[in-house]
Amino acid sequence: MDPYKLVLAPMEGVVDHTMRDLLTRVGGYDRCVTEFVRVVDRQLPTRVFYRACPELLTGGKTPAGTPVYVQLLGGNPLYMALNAQVLERLGAPGIDINFGCPSKTVNNSDGGSVLLREPQRVHDIVQAVRAAVSPQIPVTAKIRLGFKDSSLLADITQGIQAAGASEMCIHARTKQHGYLPPAYWAEIGKVKPHLHLPVIANGEIWSVADAIQARTESGCVDLMLGRGALSFPDLAVAIRARLAGEAYTPLSWAQVLPLVVQYATELEARAPQYAASFIKQWFTYLRRQYPEAETLFQHIKRMKLPGEIKTAIIA
Ligand SMILES: Cc1cc2nc3c(=O)[nH]c(=O)nc-3n(C[C@H](O)[C@H](O)[C@H](O)COP(=O)(O)O)c2cc1C
């Protein structure tokens, strides 16, 4: 692989193990991260981890061989550490800690981006998880620029580094910014020169041109792709081609459609209760890149049954 990393972002409610399988088969990713597993005040049963990361049953890798780190979210260092130990026993290739989730429910239960107001606690959580598992297991942190603003970013990032994290990913927006464009990649560029651990830039990378600009402004070579990966399923391949100076023609809608059908088929079999919402969610991203997806989305958006949606897609 090239001397930089492209990571598929965790996305609750859409990047589940079926999507990880599909996108890592398309290729270009060095790693995935699961949707967050919320840790409050107990050691969770192993079934919770297997549900979030069925890849734990296959060596922690997708069928294409891409490692999947499991993401924990919580504010209590002790329980975060205990659950990290469970993950080590289950063979997780790495553990990621979520300090970015803006959700009210999550923040009210002391987890996600609300912790960015307290750099010392961020440090303590990372340190506790780091100390709880073997040194060869990577422990990574995923943060935003801050809660209200980026005034604590230097403290937060120094604390994460001092706590022994292997890497950190910075979503270049504050909690206050939510998911609204733009992403402030240059804010990462302000702290990056003072850090020696690898820093992964994330946020608002929808195209190869965005990837190049994010790298330039942030000073990071490594990138994490979220919604862009869903809208442009071969975005990571296209970025790699550009960085290697090779020509590349992105997948056409005719090439993407079989992936969508495969996704719908697998979800219908595995999780019929949430299949319809996951499929529609993917379409909300695909329609950004493909006009054909917009037309189909308008047709399926009120459908409730995965079988019905699949028939409409294939027709
Ligand atoms: C629907 C949705 C679900 C997300 N779920 C998670 C999550 O479980 N854990 C996490 O760390 N980030 C989560 N994120 C944030 C993404 O990983 C990423 O940081 C964010 O979308 C910015 O990257 P992008 O602009 O490339 O999408 C989620 C984002 C979205 C839109």
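**Strand β4 and its surroundings in an eight-stranded barrel**

In this predicted model, Gln71 sits opposite Asp96, a residue of strand β4. That pair is a handy way into the fold, as it lies where two strands meet: β3 and β4 run parallel and are joined by three bridges. The link between them along the chain goes through a helix. β3, helix α3 (residues 77-90) and β4 together form a β-α-β unit, and this unit is right-handed.

β4 has a partner on its other listed pairing too. Strand β4 (residues 95-99) runs parallel to strand β5 (residues 139-146), and five bridges hold the two together. One residue to look for here is Phe99, whose bridge partner in β5 is Ile143.

What about the side chains of β4? Ile95, Ile97 and Phe99 point one way from the strand, while Asp96 and Asn98 point the other way. Whichever way they point, these residues are buried. With five of its five residues buried, β4 is therefore largely enclosed by the rest of the structure.

Zooming out, β4 is part of a barrel. Eight strands close up in the order β1-β2-β3-β4-β5-β6-β7-β8, with parallel pairing. On average, neighbouring strands of this sheet are turned by 30° against each other, direction ignored. Helix α1 (residues 17-26) packs on the sheet, where it touches β1 (6-8), β2 (31-38) and β3 (68-73). The direction of α1 makes about 165° with that of β2.

Helices also pack on one another. Helix α12 (residues 272-289) and helix α14 (residues 306-314) meet at an angle of about 35°, and their axes are 8 Å apart. On the α12 side the contact is made by Pro272, Ala275, Ala276, Ile279, Lys280 and Phe283, and on the α14 side by Pro306, Ile309 and Ile313. Sorted by class, the contact has eight nonpolar residues, no polar ones and one charged one.

Finally, the protein as a whole. Its secondary structure adds up to 14 helices and eight strands. The radius of gyration is 19 Å, close to the 20 Å that the globule rule gives for 315 residues, so the protein is as compact as a globular protein of that length. Along the principal axes, the C-alpha trace spans about 55 × 45 × 35 Å. Of the 315 residues, 57% are buried. Among contacts with a separation of 6 or more, 69% are between residues 24 or more positions apart.

How values were computed. Residues are numbered from 1 along each chain as its sequence is written. This is a predicted model: local features need pLDDT of at least 70, side-chain atom pairs count only at pLDDT 80 or more; totals for chains, interfaces and linings use all residues. Side-chain values use heavy atoms; hydrogens and water are left out. Two strands pair if DSSP finds at least two bridges between them. Helices (H or I, at least four residues) and strands (E, at least two) are DSSP runs, numbered from the N terminus. Axes are lines fitted to C-alpha atoms, for helices over the stretch in contact, and angles run from 0 to 180 degrees between N-to-C directions. Contact means heavy atoms within 4.5 Å. Buried means under 20% relative accessible area, exposed over 50%, partly exposed in between (1.4 Å probe, protein chains only). A crossover is right-handed if, with the strands pointing away from the viewer, the path from the first strand over the helix to the second runs clockwise. Ala, Val, Leu, Ile, Met, Phe, Trp, Tyr, Cys and Pro count as nonpolar, Asp, Glu, Lys and Arg as charged, and the others, Gly among them, as polar. The radius of gyration is taken over C-alpha atoms; the globule rule is 2.2 Å times the number of residues to the power 0.38.
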